[in-house]
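Grab a viewer and work through these short exercises. Each one has a task and then a solution in steps.

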Amino acid sequence: MKVSDKRKLPRRDVDVTLMGLGCAQMGNLYRVTPYEESKGAFDTAWKHGIRYFDTAPFYGYTRSERRLGTMVTEHERADYTLSTKVGRVMVPDETVGPEEDAYIAPLPFRPVYDYSHDGILRSFEASQQRLGILKPDILYIHDIGSVTHGDKHRHYWQQLTEGGGFKALTRLRDEGSTGAIGLGVNEWEVVRDAMEVFDIDIAMLAGRYTLLEQSSLDFMDNCTKRGVGIVVAGAFNSGILAGNRKFNYADAPADIIAKVDALHEVCEELGVSLQAAALQFPLAHPASVTVVSGARNAQQLSANIEWFEQDIPVEFWHELERRGLLAEGVPVPGAQA
């Protein structure tokens with residue numbers, strides 16, 4: 001596979017490259033990222049044929065959208081696919097501190113959750129301005145679900161279902177202001193619930209269908225049947241599959257560390273990079289259309305591209321199956337060959 005290869009969404013005239021660039025780091029996630037480093041990541045992506053870019057108003061409190069818009073609008077609009085997100089309205093606020101929500105030096109715009117009809121439209125129109133793009137190709141509802149909202153989930157879900165949020169998304173798609181609509185979340189269950197009440201085209205799912213975790217397999221199979229494309233994010237599960245000990249943004253529990261160690265063992269025996277396996281594995285499922293890779297600079301993205309395009313023998317996947325390190329029935333790369 002090449003990062004520049006493309007797949008089309010099952011039910012919409014939108015295509016994405018097999019690897020996309022996730023742009024949270026452009027918003028100074030965890031540490032300050034100078035503009036030149038962000039530009040280096042973008043230019044490296046473009047050089048290697050990556051043409052799908054994902055951002056959100058939340059990333060850096062609007063910084064990511066502003067940066068990405070400056071970079072991407074130097075190119076012809078027809079040459080790339082871009083997604084952004086709605087669900088938070090960014091409100092001017094001079095009390096924004098030097099670090100908020102893991103973003104360093106965020107811009108002075110406070111995120112306020114609003115999944116209502118008018119909130120969705122306000123968020124969308126502000127993103128148009130920041131990006132300099134009238135028609136983002138994909139629009140995701142950002143971070144809906146009980147993992148994010150806890151006891152307030154029902155309130156925000158009602159904004160989508162009864163307060164017109166889903167209707168606003170439908171309007172934007174039907175009028176051609178965006179090509180595809182869906183959810184960008186960390187939990188597959190809320191995507192399943194949305195599919196029961198709304199006609200979504202796509203979902204960005206972070207960390208829930210990975211080399212380490214396949215509990216969402218039945219859901220993924222249902223997405224294939226329903227024609228819902230899955231954008232895989234968080235393929236390294238917060239970094240534990242890329243060399244650190246973090247899982248779901250926290251210190252990894254002992255059982256997770258033990259499984260990662262077992263994966264490492266197979267990788268060492270067969271000469272396979274664990275990072276390469278993590279990036280390639282999710283795309284074997286027919287519901288998956290792309291894997292989004294976050295990168296802070298050119299060096300990080302170059303490494304991700306090298307891992308993605310590394311040849312992995314099919315025997316590696318069969319050995320993982322034999323040792324019970326993959327869920328029963330999961331599709332694996334090369335198995336159809």
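**Exercise 1.** Which handedness does the crossing of H1 and H2 have?

A word on the model before we solve it. It is predicted, so local features need pLDDT of at least 70 and side-chain atom pairs count only at pLDDT 80 or more, while totals for chains, interfaces and linings use all residues. Residues are numbered from 1 along each chain as its sequence is written, and side-chain values use heavy atoms, with hydrogens and water left out.

*Solution.*
- Step 1: find helix H1 at residues 35–47 and helix H2 at residues 63–72. Helices (H or I, at least four residues) and strands (E, at least two) are DSSP runs, numbered from the N terminus.
- Step 2: get the geometry. The axes of H1 and H2 are 11 Å apart, at an angle of about 55°. Axes are lines fitted to C-alpha atoms, for helices over the stretch in contact, and angles run from 0 to 180 degrees between N-to-C directions.
- Step 3: classify. H1 and H2 are therefore oblique to each other; under 35 degrees is roughly parallel, over 145 roughly antiparallel, 65 to 115 roughly perpendicular, and the rest oblique.
- Step 4: the crossing of H1 and H2 is right-handed, that is, the near helix is turned clockwise from the far one, whereas anticlockwise by less than a right angle would be left-handed.

**Exercise 2.** Trace the barrel and say how its strands pair.

*Solution.*
- Step 1: 8 strands close up in the order S3-S4-S5-S10-S11-S12-S13-S16, with parallel pairing. From one strand to the next, the twist averages 25°. Two strands pair if DSSP finds at least two bridges between them.
- Step 2: try one edge. S4 (residues 52–54) and S5 (residues 81–86) share 3 bridges, and Asp 54 sits opposite Ser 83 in S5.
- Step 3: move to S11 (residues 180–185). S10 (residues 138–142) is joined to S11 by 5 bridges, with His 142 partnered by Gly 184.
- Step 4: on to S12 (residues 202–206), which pairs with S11 over 4 bridges; Val 185 has Leu 205 as its partner there.

**Exercise 3.** Is S11 mostly covered or uncovered, and how many of its residues are buried?

*Solution.*
- Step 1: buried means under 20% relative accessible area, exposed over 50%, partly exposed in between (1.4 Å probe, protein chains only).
- Step 2: S11 is mostly covered, with 6 of its 6 residues buried.
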